[in-house]
Amino acid sequence: MEISIVGSGYVGTTIAACFAEVGHDVVNVDIDEEIVETINDGRAPIHEPGLDELVVEHAGDRLRATTDYGAVRDTDATFLALPTPSEADGHIDLSIMEAGARSLGAALAEKDDYHVVVTKSTVVPTTTEEVIAPILAEESGKVLGQDLGIGMNPEFLREGSAVSDFLDPDKIVLGAESDRAKATLRGVFEPLAERAGEPPIVETGVAEAEMIKYANNGFLAAKISLANDLANICKEYGIDSEEVLEAIGLDHRIGAAFLGAGVGWGGSCFPKDVAAIIAAARDVGYEPAMLQAAVEVNDRQPVRLLELLRGHVDPDGARVAVLGLAFKPGTDDIRNSRALPLVDALVDAGADVVGYDPVATENFRERYPDIDYAETAEAALDDADAALVVTDWPEFADLDEAFDAMATPIVVDGRRIVTRREGIVYESLV
Ligand SMILES: NC(=O)C1=CN([C@@H]2O[C@H](COP(=O)(O)OP(=O)(O)OC[C@H]3O[C@@H](n4cnc5c(N)ncnc54)[C@H](O)[C@@H]3O)[C@@H](O)[C@H]2O)C=CC1
Ligand SMILES: O=C(O)[C@H]1O[C@H](OP(=O)(O)OP(=O)(O)OC[C@H]2O[C@@H](n3ccc(=O)[nH]c3=O)[C@H](O)[C@@H]2O)[C@H](O)[C@@H](O)[C@@H]1O
């Protein structure tokens, strides 16, 4: 099939390259000329394992990129993979989606045939039908249900494993407003589903598909927060939380995934999506107590980490090494990283902060140009009065002797990755 994808970021580029991989002809539309050039040159504009290889293989053949929205007219369906950030009060900011829908609608005005538009971005329930579809209809002159079809296909990939998550999904959710739009969506996913060994395909309504995405992210974020709540109780009793969480994860009704207790969840999606669904729920008169509690527990974890640090050293004037700046291992993304509130608080308290991350240092430096950065974890620890472990990069598990070079070997571990041993003052958050 011929497919167009508007937006070539983490999601847009990944799904474009993967759709090309399963045999579709794909065009990426983006307003950023550099991104478009990068893809057409056969390189991925973002860092994702396996993505470069797919772009190299398919660019110039089944995959191309352009800044010209007119390219969508030669395709059967368009996926909108545009950012949906948060407003200051947590509500979803739909301005980029609206701008994209206007450009797309204007381009479709010159197409006579039936066309399906699919929301891939994470949007609060009813956005596709009540915000996106009317813009498309107005700009294109098309009539919904006649020459315009609407769908919603939420994305569940994770940064750092985007390609393998997309090509081997646990489920595919297809929301559509009509049987005809659904048939187009089925056609798009058929080769991928076959290759992935026929995962469950959930065929549903558009608003249901939108809500499934928030339910998924809300549940996972709340699961981590519940693990943190339980681990915090364990900590107060001196009980090993890892043993407790591993044991409950063996119950198939609970499951072991996303029970990793520590300094909490960050990233480009959990914080904004949980905030957006809480704000949307309140708009319709419902107070989502569990999701709100998940946020509160999450916000408290960095505060608890700092309290533990203060139990050992006064941060004022102390040299504190912050190990891990990315929001999770395997990425250079620092959006909503737990390191952000921690470094803010340390700087406010008068600490002399030295940060280290295997790949995210440059992104962090843009945000905090005035703290020190080290080239290696060992250099960050050298002569430090204390170390905070913030991201669970596997290399931190191997540090060991580097702690002996600290002025005082105080290690406060937010991810339970450092091995407790004689000779270091080790304190784990959970
Ligand atoms: N990053 C992730 O891991 C996941 C993200 N999502 C959702 O997918 C959506 C997209 O997220 P990302 O790919 O992370 O965003 P991103 O910020 O990485 O990429 C967005 C792209 O859209 C382009 N763009 C902006 N305005 C445009 C316009 N008017 N016309 C054409 N292109 C335009 C930008 O230049 C950029 O290349 C969001 O709703 C997000 O919540 C869903 C699952 C996973
Ligand atoms: O909507 C999205 O954008 C995506 O959000 C998350 O993916 P991502 O944010 O890339 O990464 P995760 O692996 O989920 O990690 C998110 C945060 O939770 C933290 N986390 C994760 C797992 C865990 O057990 N404990 C824990 O604290 C990580 O350190 C990280 O800060 C979801 O896992 C994806 O399914 C979803 O598509």
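**Exercise 1.** Locate cysteine 269 in this predicted model relative to helices H9 and H10, and determine whether the residue is buried or exposed.

*Solution.*
Step 1. Helix H9 spans 241–249 and helix H10 spans 270–283; cysteine 269 sits in the loop between them.
Step 2. The relative accessible area of cysteine 269 is 30%. Buried would require under 20% and exposed over 50%, so cysteine 269 is classed as partly exposed.
Step 3. Leaving aside residues up to four places away in sequence, cysteine 269 touches Asn217 and Val274.
Step 4. In the UniProt record, an unreviewed entry, Cys269 is listed under "active site".

**Exercise 2.** Identify which residues come nearest to ligand 2 and describe the make-up of the shell around ligand 2.

*Solution.*
Step 1. Ligand 2 has 20 residues around it, and the nearest are Phe156, Leu157, Lys213, Gly260 and Cys269.
Step 2. By character, the shell comprises 9 nonpolar, 4 polar and 7 charged residues.
Step 3. Helix H8 (206–237) and H10 each contribute at least two residues to this shell; H8 gives the most, with 3 residues.

**Exercise 3.** Specify which N or O atoms of glutamate 159, glycine 260 and lysine 328 lie close to oxygen atoms of ligand 2, and state how much of ligand 2 the protein buries.

*Solution.*
Step 1. For glutamate 159, a backbone N or O atom is 2.8 Å from an oxygen atom of ligand 2.
Step 2. For glycine 260, a backbone N or O atom is likewise 2.8 Å from a ligand 2 oxygen atom.
Step 3. For lysine 328, the N or O atom belongs to the side chain, at 2.9 Å from an oxygen atom of ligand 2.
Step 4. Ligand 2 exposes 700 Å² when taken alone, and the protein buries 88% of that area.

Notes:
Residues are numbered from 1 along each chain as its sequence is written. Chains are lettered from A and ligands numbered from 1 in the order in which they are written. This is a predicted model: local features need pLDDT of at least 70, side-chain atom pairs count only at pLDDT 80 or more; totals for chains, interfaces and linings use all residues. Side-chain values use heavy atoms; hydrogens and water are left out. UniProt positions are given in the numbering used here, feature names are shortened, and annotations may be inferred rather than shown by experiment. Helices (H or I, at least four residues) and strands (E, at least two) are DSSP runs, numbered from the N terminus. Buried means under 20% relative accessible area, exposed over 50%, partly exposed in between (1.4 Å probe, protein chains only). Contact means heavy atoms within 4.5 Å. A residue is near a molecule or strand if one of its heavy atoms lies within 4 Å of it. A polar contact is a pair of N or O atoms within 3.5 Å; within protein, one must be able to donate a hydrogen and the other to accept it, and residues adjacent in sequence count only if both atoms are side-chain atoms. Accessible areas come from the Shrake-Rupley method with a 1.4 Å probe; for residues, only the protein chains shown count as cover. Ala, Val, Leu, Ile, Met, Phe, Trp, Tyr, Cys and Pro count as nonpolar, Asp, Glu, Lys and Arg as charged, and the others, Gly among them, as polar.
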